[in-house]
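Reader: Mind walking me through this one? I'd like to go strand by strand and then look at the helix and the odd backbone angles.

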Amino acid sequence: MLTSPEKRISPKALKVWKIYGAILSFIVFALSIAATVAVFLLDLPKWIIPILVVVDICFFLIAVFFVPKIRWERWRYELREQEIELQHGLFVVKRTLIPIIRVQHVDTNQGPIMKKYRLASVVISSAATTHEIPALDEDEAEELRKTISYLVRVVREDV
């Protein structure tokens, strides 16, 4: 029987996800401003404006403080000789086993914000789908990519 994955992603992921949440909150705020302008231009009920303000504040608090913390606490992964196990989810916890034999290729991704915090994501592709381990330290992501690649070669040589 398999145990739950033990390895965590980098604690710096919290900062990066908070920045992403703030950017998304800014977009929602801009949409609320556009809706407020529409309220005045189209002579809609003014009670819509306080609702928009409350929605903006709640969205900001959830996107910047709640979701990143829970997401970080729930993300786990484990690399074994025959499989990679992922566990994540905010409210519904999803556990995925990726057989090493099914892995086609492994990539690392790094956007500008992740690069600033020296983080990278590992993307594992199989014939059916792709899976991502987000926000690992750059060195850890590169080592994981190389290890998975090595295990894939070893397993395929054994077949």
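Reader: Let's start with a bridge. Which residue is the bridge partner of Val123 in β7?

Author: Keep in mind that this is a predicted model. Val123 looks across to strand β7, which covers residues 130-137. Its bridge partner there is Glu132.

Reader: And which residue of β7 does Ser125 stand opposite?

Author: Stay with β6, which spans 119-126, and follow its pairing with β7. A hairpin of three residues links these two strands. Opposite Ser125 in β7 you'll find Thr130.

Reader: How many bridges join β6 to β7, and do they run parallel or antiparallel?

Author: The two pairs we just went through were Val123 with Glu132 and Ser125 with Thr130. Counting up the whole pairing, β6 and β7 are joined by six bridges, and the direction is antiparallel.

Reader: What is the order of strands in the open sheet?

Author: The sheet has three strands and its pairing is antiparallel. Reading across, the order is β5-β6-β7.

Reader: Which are the edge strands, and by how many degrees are neighbouring strands turned on average?

Author: An edge strand pairs on one side only, and that holds for β5 (103-109) and β7. As for the turn between neighbours in this sheet, ignoring direction, the average is 20 degrees.

Reader: Over to α1. Why does its end-to-end distance agree with what you'd expect?

Author: α1 has 29 residues, and at 1.5 Å a residue it should span 42 Å. Its end C-alpha atoms are also separated by that distance, so the two agree at 42 Å.

Reader: Which elements do the buried residues of α1 pack against?

Author: The buried set in this helix includes Val16, Trp17, Val28 and Val39. Ala13 and Gly21 are among them too. The buried residues of α1 pack against α2, α3, β6 and β7.

Reader: What is the phi of Asp43, and is the residue buried or exposed?

Author: Most residues other than glycine have a negative phi. Asp43 follows α1 and sits in the loop leading to α2 (48-74), yet its phi is positive, near 55 degrees. Exposed means over 50% relative accessible area, and Asp43 has 63%, so it counts as exposed.

Reader: Where does Arg118 lie, and what is its relative accessible area?

Author: Arg118 isn't a glycine either, but has a positive phi of about 55 degrees. It's in the loop between α3 (112-116) and β6. Arg118 is partly exposed, and its relative accessible area is 46%.

Terms used:
Residues numbered from 1 in each chain as written. Predicted model: local features only at pLDDT ≥ 70, side-chain atom pairs only at ≥ 80, totals over all residues. Heavy atoms only, no water. Helix = DSSP H or I, 4+ residues; strand = E, 2+ residues; numbered from the N terminus. Buried < 20%, exposed > 50% of the residue type's maximum accessible area, 1.4 Å probe, protein only. Pairing = 2+ DSSP bridges. Axes fitted to C-alpha atoms, helices over the stretch in contact; angles between N-to-C directions. Expected span 1.5 Å × (residues − 1). Contact = heavy atoms within 4.5 Å.
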